[in-house]
Amino acid sequence: MASRLMLCSFTTCPWVQRAAIVLREKQIPYEINYIDPDQRPEWFLAISPHAKVPVLQIDGKHALFESNAIAEYLDETVPPRLHPADAIARARNRAWTDYVTTFSSAVTGAAYADSEEEFVARIAKIPAPFGKIEAALAERGNAGPYFNGPKLSLVDAAYAPFLQRYTFMDRLRPLGLIERFPHLLAWRDALLAAPAVKSSTIPEIEAAWHQNLHKRKRWLAKFVAQGVPAAATAQ
Ligand SMILES: N[C@@H](CCC(=O)N[C@@H](CS)C(=O)NCC(=O)O)C(=O)O
């Protein structure tokens, strides 16, 4: 692909990060355009039907939205394929990729709780999706470290941002949850160490995520140490 790619983003958006992981893993050159979530420009609203990021602009002529559609487009157009070659394996990968919306809601919902009671209630909902992924990893028929074995896949790109957000939350308020799911724990560790994941965000992503908690006045913000470096606006 020799197209000029521009990824429209908010600095801490996990859905943008998913697209960025695919771009990084495939070593596709791209530019990133951070827009202000509180003042989304007209040109952006014209190309983003839900006013959300990510949007991938291609040669200034086409605009793709929805992180899954963007990831699939990149996988179809730029080698190497991150999806498995086998159609059954690919369908199973897509099924688990679909599940990321449920998984991400559990994690994000807890992080953005407005009170301790809400936080406790939402944390209690996390083991169910964690257990489903644990079972999928246990039954995947390979030794990892990624979902399909040694090669990073679109499933990995989808879950990594939310496992990273879970880890940020766990560091603020140790939950002792992921340790009960050994396959998920090992997968999380492998994903957070993957070069494509590490380079998929601004370097100060954790501090920026902390700032979001403050900006949104979430209950977890009270556990953020003061003096967090100024980094970013909200996702
Ligand atoms: N299903 C979308 C979700 C994207 C999404 O929710 N992006 C957030 C930022 S992380 C957003 O743009 N939110 C703005 C809003 O909801 O108004 C995708 O996968 O791309």
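## A tour from helix H11 to the tail

Start by selecting lysine 217: just after helix H11, this residue takes a positive phi of about 55°. Keep in mind as you go that the model in your viewer is predicted.

**Stop 1: helix H11.** Now step back along the chain and select residues 205–215, which make up H11. Which residues of this helix are buried? Colour Ile205, Ala208, Trp209, His210, Gln211, Asn212 and Leu213, and you have them. To see what they pack against, add helix H8, residues 154–172.

**Stop 2: helix H4.** Leave H8 on display and select residues 87–98, the 12 residues of helix H4. From its first C-alpha to its last, H4 reaches 16 Å, close to the 16 Å expected at 1.5 Å a residue. Next, pick out Asn93, Trp96 and Thr97, the buried residues of H4. Why do they sit on the same side of H4? They cover an arc of only 105° around the axis, which puts them there together. A general rule helps here: an α-helix has 3.6 residues a turn, so residues three or four places apart point the same way.

Turn H4 around to its other side, and you will find Ala87, Ile88, Ala91, Ala95 and Asp98 exposed. Then turn back and bring up the neighbours: the buried residues of H4 pack against helix H3 (67–77), helix H5 (100–111), helix H7 (127–138) and H8.

**Stop 3: the two domains.** Zoom out and give one colour to residues 5–77 and another to residues 87–198; the domain assignment calls these domain 1 and domain 2. Taken over C-alpha atoms, their centres are separated by 22 Å. Where they meet, 10 residues of domain 1 are in contact with 12 residues of domain 2.

Which helix gives the most to the side of domain 1 that touches domain 2? Select H1, residues 14–25; along with H3, this helix supplies at least two residues of that side. H1 gives the most, with 7 residues. Colouring that side of domain 1 by class shows 4 nonpolar, 2 polar and 4 charged residues.

**Last stop: confidence.** Finally, colour the chain by pLDDT. The average is 95, and 95% of the residues score at least 70. Select residues 227–235, though, and the pLDDT is below 50. In the model this stretch has 29 contacts beyond near neighbours in sequence. Take care with what you see here: where pLDDT is low, the predicted coordinates should not be read in detail.

Notes. Residues are numbered from 1 along each chain as its sequence is written. This is a predicted model: local features need pLDDT of at least 70, side-chain atom pairs count only at pLDDT 80 or more; totals for chains, interfaces and linings use all residues. A residue is buried if 20 or more other C-beta atoms lie within 10 Å of its own, exposed if 12 or fewer, and partly exposed in between; C-beta atoms are placed from the backbone. Helices (H or I, at least four residues) and strands (E, at least two) are DSSP runs, numbered from the N terminus. Two residues are in contact if their C-beta atoms, placed from the backbone, lie within 7 Å. The expected span of a helix is 1.5 Å times one less than its number of residues. The arc is that of the directions from the helix axis to the C-beta atoms. Domain bounds come from an automatic or database domain assignment. Ala, Val, Leu, Ile, Met, Phe, Trp, Tyr, Cys and Pro count as nonpolar, Asp, Glu, Lys and Arg as charged, and the others, Gly among them, as polar. pLDDT is the predictor's confidence in each residue, from 0 to 100.
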